[in-house]
Amino acid sequence: MNRKINKVTVLGSGVMGSRIACHFANIGCEVLLLDIVPRELNDKEKAQGLTKEDKVVRNRIVNDSLNFALKSNPSPIYKKSFASRITTGNMEDDMSKISDSDWIIEVVIERLDIKQQVFENVEKHRKKGTLITSNTSGIPINMMLDGRSDDFKKHFCGTHFFNPPRYLQLLEIIPTKETDPTIIDFFMDYGRRFLGKKTVLCKDTPAFIANRVGVYSIMALFHAVKELDMNIEEVDKLTGPVLGRPKSATFRTCDVVGLDTLVHVANGLKDNCPNDEEKALFELPDYISKMVDNGWLGSKSGQGFYKKVKDDEGKSEILSLDLDTLEYREKAKASFPTLEMTKPIDDLKKRTKMLVAGKDKAGDFYRQMFGGLFAYVTNRIPEISDDLYKIDDALKAGFGWELGPFETWDILGFDKGLELIEAQGKKAADWVKTMKDSGATSFYKTEKGNKQYFDIDSKSYKTIPGTEHLVMLDTLRDDNTVWKNADTTVVDLGDGVLNLEFHTKMNTIGSGVIEGINKAIDLAEKEHKGLVISNGGQNFSAGANIGMIFMLAVEQDYDELNFAVKTFQDTMMRIRYSDTPVVVAPHNLTLGGGCELSMHADKVVAHAESYIGLVEFGVGLIPGGGGSKEFAKRFSDGLTDGDIRINALRERFLTIGQAQVATSAHEAFDLGYLREGTDEVIVSREYQLTRAKAACLEMANKGYAAPVKEKNIRIMGQEGLGIVYVGAHSMVSGNYMSEHDQLISEKLGFVLCGGDISERVEVSEQYLLDLERKAFIELCGQKKTLERLESMVKKGKVLRN
């Protein structure tokens, strides 16, 4: 069956329901969001003379919930206008409207009796064949089948989204004993390709996969913090980015999620998993019980493990909870020799090995943590999953770990993992010994460009389902690298397409990356069909290497600075005018030079979560790698007469002048960073490189011809400059802008308007590049700019907002 999802109904508009509705709107679905009717009027409604029969009253709960979600930060919606795809209503007046839905998702309160009442109502209006799922996180899916029709049962399963649905990639699919297998196959594929999720097939066990292992890990740390005589700052320091995990680490994450939520899951696991060998860890430590009794639940209650207060001068500061005294104190600085040793190591795999080998308390902590975790995940097979890769996928997508437990074990070595388990007095599952006896010494391996996992039942390696046709750098890099330097690698993707990836800190662009771009284009022009520029880092590129710019500027080596900026510009122009198609596939931070690189590509295949922007203004500069020129060119392409022209100039000027960063790839079109009709957005990060390669081949196979260099860019000259200068002067007069910012504004306006020219003329790209470079270098000589650059360098920041 060629099933399509065009209309979705979400039943329940709470924190999860409203945000799930927003994410379906993000991908273009028409969404019906329903909730219950209020029992009583509120004071505002009474004052307005409304009754319980008025529609505005009957839809108050759903409308308030959706509005609250849309105003939240970070936003659940890619673009404000997408919210118009959501229609609201209530479950008494509007249930008949679900009859034309393709997928109905239940997201009501976690009570089985209420869910069953909702399903009873759904059965009255749902047409046969409609998908129906529950977003429950704690109620067994099979218990929801009582009283349901055969068609309902056939099309029903659990679909557990993680909060916030837009940002967390995990979608757990939990079939019942009655679910049609083709329905599960559909959800697994649809979740990946259309919703951009890592879909993980789960068994109907308590907390499914991610929360079962993730909450175990947190509870183990709750107990270990006292055993190892550590404080919460130390644990958060050791379990955050240094380990490839979110900045919120452990205790800050608990504050964000809510301690009551975590305790609820832990209690559920304690009560419903009597055979779990680690069930004692799900018992709450005394300090956790006291925090719950005190109502110290985290952000929702104003205090948890951390508490935000104001000092005597009115400045905000964060206090930490002393777990021994349960009193708040100033945050302590966490420092370990092992962490100092790993600071220069950017490679997470190498860093992880060093962390576990540490000779201090940090090393002891990691050995205890991983020893327990490794044992625990082996013993969850086959209870929660038959396949080890599903556990890794769930933890990475649901908890933001860069490395899953079995992937980490592979990095440390098979025997080392067993040693850590035994040192903690734990026992791995019997299948681990069977695996070792079979001669296998790793949980994963790469074979012919495919990532394979050790299949326990067959005692052999199998390709991870769903990845057979994906293009993945991690599986191609070892055998298909055709060139590399210290900062970049060129990988053959097959079918005549090359890929250039960066691997500098935050993928910043310096001389090594510039060399790599030019070499990759050389290779593509001579021997291949096209080039993709993408990488697997946390960010596509956070901008230019600001340290190099600062060094040249502070030494007043303007000739060398001019050469460096011109080389950057020439490289961007080479991307634009090479004899081979160049596709750029950005994701996450794509700032400064990374944005300029994207703007010069033949095509951009942007992940939906791409935060693209030219942010140089914030450090006292203007975009100098072709970004200012490109905005002038794109402004020219849409140039019209009258007020529209002036408003368009103002919009483009403010985009750069306010260092505006798109909050999604869709918003990047509105800001002028992406081009309608040329560039495209893909929701699935997993499929992004595959699509970018296909787009590159499409251009090549059509008969690619390099664009003709543009020499007819219309500029506004003095007409536009007058608007810029008057606006900047009024901002300074009103104390909204410093005199230094006025100078930057005037330099930017000078480039965007094509210089001090009295009449409208047509100019070349090179003319605008020369203006841009001159303005950039002049600003580098300004004392205020140098001060900002120095501050950024000292903070270890790159050229980003």
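Tutor: Two strands pair if DSSP finds at least two bridges between them. Keep that in mind as we look through this predicted model.

Student: How do you know that β21 pairs with strand β23 (residues 680-682)?

Tutor: Count the bridges: 3 join β21 to β23, and the strands run parallel. The cut-off is at least two bridges, so the two strands count as paired. One bridge links Ala606 to Val681 of β23.

Student: And what makes strand β19 (residues 582-584) a partner of β21?

Tutor: β19 and β21 have 2 bridges, in the parallel sense. At least two are required, so this is also a pair. Here Val584 has Val604 of β21 as its bridge partner.

Student: Why is strand β21 called largely enclosed?

Tutor: Buried means under 20% relative accessible area. In β21 (residues 603-607), 5 of the 5 residues are buried, so the rest of the structure largely encloses the strand. In a regular strand, side chains alternate between the two faces of the sheet. In β21, Lys603, Val605 and His607 point one way, while Val604 and Ala606 point the other way, and all are buried.

Student: Let's turn to helix α29. How do you know that its length agrees with what is expected?

Tutor: α29 has 16 residues (718-733), and at 1.5 Å a residue it should span 22 Å. The expected span uses one less than the number of residues. The end C-alpha atoms of α29 are 22 Å apart, which agrees.

Student: Which residues of α29 are buried?

Tutor: They are Gly720, Leu721, Val724, Ala728 and Val732.

Student: What makes you say that these buried residues line one face of α29?

Tutor: Look down the helix axis: the buried residues of α29 fall within an arc of 100 degrees, so they line one face. Val726 and His729 are exposed, on the face turned away from the buried side.

Student: Why is Asn735 called exposed?

Tutor: Exposed means over 50% relative accessible area. Asn735 has 70%, so it qualifies. Asn735 sits in the loop between α29 and α30 (739-752), and its phi is near 60 degrees, a positive value in a residue other than glycine.

Student: Does the reasoning carry over to Lys448? Why is that residue called exposed?

Tutor: Its relative accessible area is 78%, against a cut-off of over 50%, so Lys448 is exposed. Lys448 lies in the loop between β12 (444-447) and β13 (450-455). Phi of Lys448 is near 55 degrees, again positive in a residue other than glycine.

Student: What makes a group of residues a nonpolar core?

Tutor: Members are buried residues of certain nonpolar kinds, joined through side-chain atoms within 4.5 Å. In soluble globular proteins, nonpolar side chains tend to be buried together. The largest core here has 110 residues, and Phe222, Tyr287, Phe305, Tyr366, Phe406 and Trp431 have the most contacts inside it. Helix α8 (residues 210-227) gives the largest share of this core, 11 residues. Beyond its neighbours within four places in sequence, Phe222 is in contact with residues including Phe251, Leu262, Tyr287 and Phe305. Another core, of 70 residues, lies apart from that one, and among its members are Ile514, Ile517, Leu523 and Val751.

Student: Which residues does the cis peptide bond with omega of about 5 degrees join?

Tutor: That bond joins Asn73 and Pro74. Pro74 is in the loop between α4 (60-71) and β3 (86-90). A cis peptide bond also joins Ile381 and Pro382, with omega of about 10 degrees.

Methods: Residues are numbered from 1 along each chain as its sequence is written. This is a predicted model: local features need pLDDT of at least 70, side-chain atom pairs count only at pLDDT 80 or more; totals for chains, interfaces and linings use all residues. Side-chain values use heavy atoms; hydrogens and water are left out. Helices (H or I, at least four residues) and strands (E, at least two) are DSSP runs, numbered from the N terminus. Buried means under 20% relative accessible area, exposed over 50%, partly exposed in between (1.4 Å probe, protein chains only). The arc is that of the directions from the helix axis to the C-beta atoms. Contact means heavy atoms within 4.5 Å.
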